[in-house]
Amino acid sequence: MNYSYLENKELGEALAYYKSKLQMEGFSLGTETADVPSALDRITSSAVYARISSPHYNASAMDGIAVNAHDTFGATDTTPVVLKKGKGYEVVDTGDPLPDGRDAVIMVEDVIDIDEDTVRIIAAAAPWQHIRQVGEDLCQDEMVVPSNTRIEPSTMGAMLAGGISQVEVWKLPRVGIIPTGDEIVAPKADPLPGEILEFNSTIFSAMVRRWGGIPVTYPIVPDRYELIKGALEKAVSECDIVILNAGSSAGRDDYSSMAIGELGEVHVHGIAIKPGKPTILGTIYGKPVIGVPGYPVSGIIVLEKIVKEILETVIKSPLRTYPKIRAVLSRRLMSTLKYEEYVRMKLGRVGGKLIATPLSRGAGVVSSFVKADALFTVPMNTEGIEASEEIELELLKTEKEIENTLVMTGSHDPLIDVAYDLMRKRNPERYVSSSHVGSMGGIMAIKRGEAHVAGIHLLDEETGEYNRAYIEKYLKGQDIVRIKGVKRSQGLMIAKGNPLGLKGVEDLSRDGLRYVNRQKGSGTRILLDYLLKNGTIDRDSIYGYDREELTHMSVAIQVATGSADCGMGIFSAAKIYGLDFIPICDEEYDFIAPAEYMDSPIIRDFLGIIKSGEFRDKLMELGGYSTEGCGTIL
Ligand SMILES: Nc1nc2c(c(=O)[nH]1)N[C@H]1C(S)=C(S)[C@@H](COP(=O)(O)OP(=O)(O)OC[C@H]3O[C@@H](n4cnc5c(N)ncnc54)[C@H](O)[C@@H]3O)O[C@H]1N2
Ligand code: MOO
């Protein structure tokens, strides 16, 4: 196997080295002329000077009369001055040129009409009062904006006022994006196993567009060296920067670095960031060609941390950065010493504390960016960060969104998504951050003050009663409110038609049967263990007892796709995937919340939703629920 060795260059060092190479090779965007009205957000390539003054004549700043200030001197209530039209004044409106010889404007409110042609003035006018003199805004040949400056809406107005209709700007960078891979196919709804839907180019082009570049997406290139080389040559001839996606690591078909090296030069291959390790920084004909790893999260990070920086150097203007915010880490975060690591985080304001919780760290989990509120950079040479430590993050959402977020945790149920959607329909300012840590995890999060509400379904093995005993045991001394949730049908999810003829839990140890379990601390796991304890089956005899999934949906999907024969879960999840279902019991899924939040608008909105008819109707559609009394305080 041909496995090439990658460097592990620190990000800052790699960028500095690469930028110096780009500068040496003369990488720059040309300039072009743009019409001012369409030059918003373009960057000036040279200073812009006013060709005419603004205003270019002395103009009345008010509606009133234009006078000679001298004529009004001495005017008071008792010694008014009387002026005759034509001889002593002219009527002017705001913006009118000042009539010859006049040097002051008196506002119409301060003028007393005697007749059509005669007025009385009872206060002296100061010379040049209420007049916009030539050049008040801009003088001819005065600089409107310097070089390398972003053109704002007001800049456009000032340029036009200064007699400028066209402006020299830097060309917009054309960023070529080449997706590669034999297994990569255009997006469709029914991909075959092994086919990977191509969506990276859509993410990358949207990012490039946000940064003011022009994305140019090329067709998917199969893993063939000559084809990749050909695509690179074409893109380099048509674009200013080229992103070659996937094939960056050192696998059998990873030709990126070889092709860049043959057409130009590879300056860096391998950066100490995670995700994004196998990134390639190269040049072809002096243009940057960046080999971006195939995994979408790696791609987003590499675009954000590297491509954006390279764009900035030629765009000559800083691109959007994210504000920093400090938060408390909710659970321990392990990291590798070798890399700077970027972790997507959820944020929520609970009580006075801003709590940050890490999301899935898989490089393929693009939805982690959809859910993320913030990005946390764990520095290199850090083994991990302890729970409760204060950390600094880059804020991806607005602070207002974070403040308006209901932090919900505990056991997973599709009803959480239903409630979230209804909450947003009713009040678009409301957000829900939900994490699925199981019922016991939910209780612990409430205990630590890290969530507003948790969903739990915990069977007390002694009494057969749900939830109460656990709250009393684990949240002793805390003022906790239990909110009645739903009854839901728990049972075994099995393939349609029950091909194995399963009847119940007693069949789980059957030879050849593949079970998929839920994680420890989840109510469903506790229920299974309770059933096993009361039955005759030993957990060790269940194939797959240790295979853990975090949600009902993910258990159901394993059964639906045939990677497991059976898993325990709720009816609604089985129904979503068209599975058969063997009911075992109706369990009580309730919510718990610290009493102090019960009057907060966030919890009141939530209670309003779970008591609503819409919510009930949606749960009936999902099936397997009884919603009687949902939302009442127990
Ligand atoms: N033996 C090793 N294997 C891998 C290593 C390693 O060090 N040793 N590094 C891993 C890391 S880290 C990364 S990152 C990836 C980088 O892989 P490549 O850049 O070579 O990309 P591919 O293997 O071709 O693709 C990976 C993965 O990315 C997804 N993908 C690719 N293109 C697209 C697209 N256009 N749209 C959506 N998704 C895409 C897809 O899931 C691919 O499977 O290598 C690891 N392996
Ligand atoms: O370095 Mo890879 O980009 O972690 O997934």
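1. Pro275 lies in the loop between strand 19 (273-274) and strand 20 (280-284); strands (E, at least two residues) and helices (H or I, at least four) are DSSP runs numbered from the N terminus. The peptide bond from Lys274 to Pro275 is cis, with omega near -5°. Both residues belong to the set around ligand 2, which consists of Lys274, Pro275, Gly276, Lys277, Pro293, Tyr295, Ser298 and Ala363. A residue is counted as near a molecule if its C-beta atom, placed from the backbone, lies within 6 Å of it.

2. This is a predicted model, in which local features require pLDDT of at least 70 and side-chain atom pairs count only at pLDDT 80 or more, while totals for chains, interfaces and linings use all residues. Residues are numbered from 1 along each chain as its sequence is written, and chains are lettered from A and ligands numbered from 1 in the order in which they are written.

3. The shell of ligand 2 comprises 4 nonpolar, 2 polar and 2 charged residues. Here Ala, Val, Leu, Ile, Met, Phe, Trp, Tyr, Cys and Pro count as nonpolar, Asp, Glu, Lys and Arg as charged, and the others, Gly among them, as polar. Ligand 1 is surrounded by 25 residues, of which the closest are Asn200, Ala246, Ser248, Pro293 and Gly294. The shell around ligand 1 divides into 11 nonpolar, 11 polar and 3 charged residues. Pro293 is listed for ligand 2 and also among the closest residues to ligand 1.

4. Which helices each supply at least two residues of the shell around ligand 1? They are helix 4 (200-210) and helix 7 (296-315). Their axes are 10 Å apart and make an angle of about 20°; axes are lines fitted to C-alpha atoms, for helices over the stretch in contact, and angles run from 0 to 180 degrees between N-to-C directions. Helix 4 and helix 7 are therefore roughly parallel to each other, a term for angles under 35 degrees, with over 145 counted as roughly antiparallel, 65 to 115 as roughly perpendicular and the rest as oblique. The crossing of helix 4 with helix 7 is right-handed, that is, the near helix is turned clockwise from the far one by less than a right angle, whereas an anticlockwise turn would make it left-handed.

5. An open sheet of 6 strands has mixed pairing and the order 16-13-17-21-20-18; two strands pair if DSSP finds at least two bridges between them. Strand 16 (214-217) and strand 18 (265-269) are the edge strands, each pairing on one side only. From one strand to the next, the twist averages 20°.

6. Within that order, strand 13 (residues 174-179) pairs in the parallel sense with strand 17 (residues 241-245) over 5 bridges. Val175 stands opposite Ile241, and Gly176 stands opposite Val242. Strand 13 also pairs with strand 16 in the parallel sense, over 4 bridges, and Arg174 stands opposite Ile214 there. Because 5 of its 6 residues are buried, strand 13 is largely enclosed by the rest of the structure. A residue is buried if 20 or more other C-beta atoms lie within 10 Å of its own, exposed if 12 or fewer, and partly exposed in between, with C-beta atoms placed from the backbone.

7. A further open sheet has 3 strands in the order 5-9-8, with antiparallel pairing. Strand 5 and strand 8 stand at its edges with a single partner strand each, so one side of each is left without a neighbour in the sheet. Neighbouring strands of this sheet are turned by 30° against each other on average, direction ignored.

8. Strand 9 (residues 118-121) has Val119 and Ile121 on a covered face and Thr118 and Arg120 on an uncovered one. Strand 5 (residues 81-84) is joined to strand 9 by 4 bridges, with Val82 opposite Arg120. Strand 8 (residues 111-115) also pairs with strand 9 over 4 bridges, Asp113 having Val119 as its bridge partner. The hairpin from strand 8 to strand 9 passes through 2 residues.

9. Some backbone geometry merits inspection. Most residues other than glycine have a negative phi, and most peptide bonds are trans. The peptide bond from Ser54 to Pro55 is cis, with omega near -10°, and Pro55 is placed in the loop between strand 2 (48-49) and strand 3 (59-60). His130, in the loop between strand 9 and strand 10 (131-132), has a positive phi near 55°. Asn148, in the loop between strand 11 (143-145) and helix 3 (153-161), likewise has a positive phi near 55°. His130 is buried, with 20 other C-beta atoms within 10 Å, whereas Asn148 is partly exposed, with 14.
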